[in-house]
Amino acid sequence: MATTENWETQLRKGWLELAILASLWEGELYGLDIIRRLDTNSDLLLAEGTIYPILGRLKRDGLIDSKWVEAEAGHPRKYYRLTAEGRRRVVAMARYASTFLSRIASLIEPLIGREAP
Amino acid sequence: MNPDQRLQQKIDAYLMQLRRSLGELPPEEVTEILQEIRGHILERTEASGELTEARLVAILKALGSPDDIAPLYQADALLARARGSLSPRVVMRGVHRWSTVSVWGLVLFVLGIVGYATGASLILAGLIKIFDPIHVGAWVGPNRIFDIGVNHDPAARDVLGWWLIPIGLVGGSALLIATTRALRWTLRFARIRRPTTA
């Protein structure tokens, strides 16, 4: 439910999806791999567990695929990889986001460091 | 109880809680979710060197509370299931979910109730007509325009007679199916989450 205090959550979710898809560009990864990448590059993840439902939805949307692999760790890992459609989508998203960000940046730059009245 | 067992119990308790919170999803989906989350916890614990209770608590805290994670699965999964289901219960659950975030969902929810209630009433009327043909019918008369149901007014006339049975059963069933199909079709426009940037 969209309440005023969760605008940050909403914004974060959109970016998180893009970040997850982008992290899979080079090849397949399992959940914790993706989390580690996101962690080192950003503060997108508040709770690590939120990534799994998002992966489930991206899969239902046909953007990624998954398969279980028996790992030497002793428990199987679920690996995800981009589908052809996912590749097209993430490139489109990245272009859009990049243009969008630079426009937003020029708009909000004057506000940073200002004091609220 | 040795410390390892205590920690194992803590992990199990977390997964049990998650399973409870996931209640509405199909069992095979739940199993897969739990397996993935269990893998996450195990891998984190293995990577943390010597596992202490404090470390495990930190791992579970970073993962997030089951009550916070489970709804994220459900919001989407309920809709996905509703879109593909022929069961009025599953479909209406998806519509109900949508109705909590959108006025269109709410309108659809009301229409769904009307459609299902009318369909069920028609079937019921057709069935009851078999057992009480005198008082059950499709009535017109001086004190009413038209209604289907039980009547004790001698002035009213049953316009359908025995036809109420096939019409009620077939028409009611058709209405139930049509309602389900219409709801499912409309649900494809449902968005629980905001659309992504693409």
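This passage describes the fold of chain A, the packing of helices and strands in chain B, and the contact between the two chains, all taken from a predicted model.

In chain A, the secondary structure consists of four helices and three strands, and these elements follow one another from the N terminus in the order α-β-α-α-β-β-α. The three strands of chain A are assembled into an open sheet with antiparallel pairing, in which the order is S1-S3-S2. The edges of this sheet are occupied by strand S1 (29–30) and strand S2 (64–69) of chain A, each of which pairs on one side only. S1(A) and S3(A) run antiparallel and are joined by two bridges; within this pairing, A:Leu29 has A:Tyr80 of S3(A) as its bridge partner. Of the 117 residues in chain A, 24% are buried. When the contacts of chain A with a separation of 6 or more are considered, 47% of them are accounted for by residues 24 or more positions apart.

Chain B likewise contains an antiparallel sheet. Three strands of chain B form this open sheet in the order S2-S1-S3, and since S2 and strand S3 (157–158) of chain B stand at its edges with a single partner strand each, one side of each is left without a neighbour in the sheet. Helix H6 of chain B packs on the sheet, where it touches S1 and S2 of chain B, and the direction of H6(B) makes about 105° with that of S1(B). Strand S1 (residues 136–141) and strand S2 (residues 144–150) of chain B run antiparallel and are joined by five bridges, one feature of this pairing being that B:Ala138 has B:Ile148 of S2(B) as its bridge partner. The connection from S1(B) to S2(B) is a hairpin that passes through two residues.

Two helix pairs of chain B were examined. In one pair, helix H1 (residues 3–21) and helix H2 (residues 27–47) of chain B pack at an angle of about 150°, and their axes are 11 Å apart. As angles over 145 degrees count as roughly antiparallel, H1(B) and H2(B) are therefore assigned a roughly antiparallel arrangement; their crossing is right-handed. On the side of H1(B), the contact is made by B:Ile11, B:Leu15, B:Leu18 and B:Arg19, and on the side of H2(B) by B:Val30, B:Leu34, B:Ile37, B:Arg38 and B:Ile41. By class, the residues of this contact between H1(B) and H2(B) comprise seven nonpolar and two charged residues, with no polar ones.

In the other pair, helix H5 (residues 88–99) and helix H6 (residues 103–131) of chain B also pack at an angle of about 150°, with their axes 7 Å apart. H5(B) and H6(B) are therefore likewise roughly antiparallel to each other, but the crossing of H5(B) and H6(B) is left-handed. The contact draws on B:Pro88, B:Met92, B:Val95, B:His96, B:Trp98 and B:Ser99 of H5(B), together with B:Gly105, B:Leu106, B:Leu108, B:Phe109, B:Gly112 and B:Tyr116 of H6(B). Eight of the residues in the contact of H5(B) with H6(B) are nonpolar and four are polar, while none is charged.

The contact between the chains takes 28 residues from chain A and 25 residues from chain B. On the side of chain A that touches chain B, two or more residues are given by each of helix H1 (7–23), helix H2 (31–41), helix H3 (51–60), strand S3 (77–82) and helix H4 (84–108) of chain A. Among these elements, H4(A) gives the most, with six residues. Sorted by class, the side of chain A that touches chain B has 13 nonpolar, seven polar and eight charged residues.

A residue of chain A that touches chain B from a loop is A:His75, which is found between S2 and S3 of chain A. Once residues up to four places away in sequence are set aside, A:His75 touches B:Arg38, B:Gly39 and B:Leu42. One of these partners, B:Arg38, also belongs to the contact of H2(B) with H1(B). A:His75 has 15 C-beta neighbours inside 10 Å and therefore counts as partly exposed, given that a residue is buried with 20 or more such neighbours and exposed with 12 or fewer.

Key
Residues are numbered from 1 along each chain as its sequence is written. Chains are lettered from A and ligands numbered from 1 in the order in which they are written. This is a predicted model: local features need pLDDT of at least 70, side-chain atom pairs count only at pLDDT 80 or more; totals for chains, interfaces and linings use all residues. Two residues are in contact if their C-beta atoms, placed from the backbone, lie within 7 Å. Ala, Val, Leu, Ile, Met, Phe, Trp, Tyr, Cys and Pro count as nonpolar, Asp, Glu, Lys and Arg as charged, and the others, Gly among them, as polar. Two strands pair if DSSP finds at least two bridges between them. Axes are lines fitted to C-alpha atoms, for helices over the stretch in contact, and angles run from 0 to 180 degrees between N-to-C directions. Angles under 35 degrees count as roughly parallel, over 145 as roughly antiparallel, 65 to 115 as roughly perpendicular and the rest as oblique. A crossing is left-handed if the near helix is turned anticlockwise from the far one by less than a right angle, and right-handed if clockwise.
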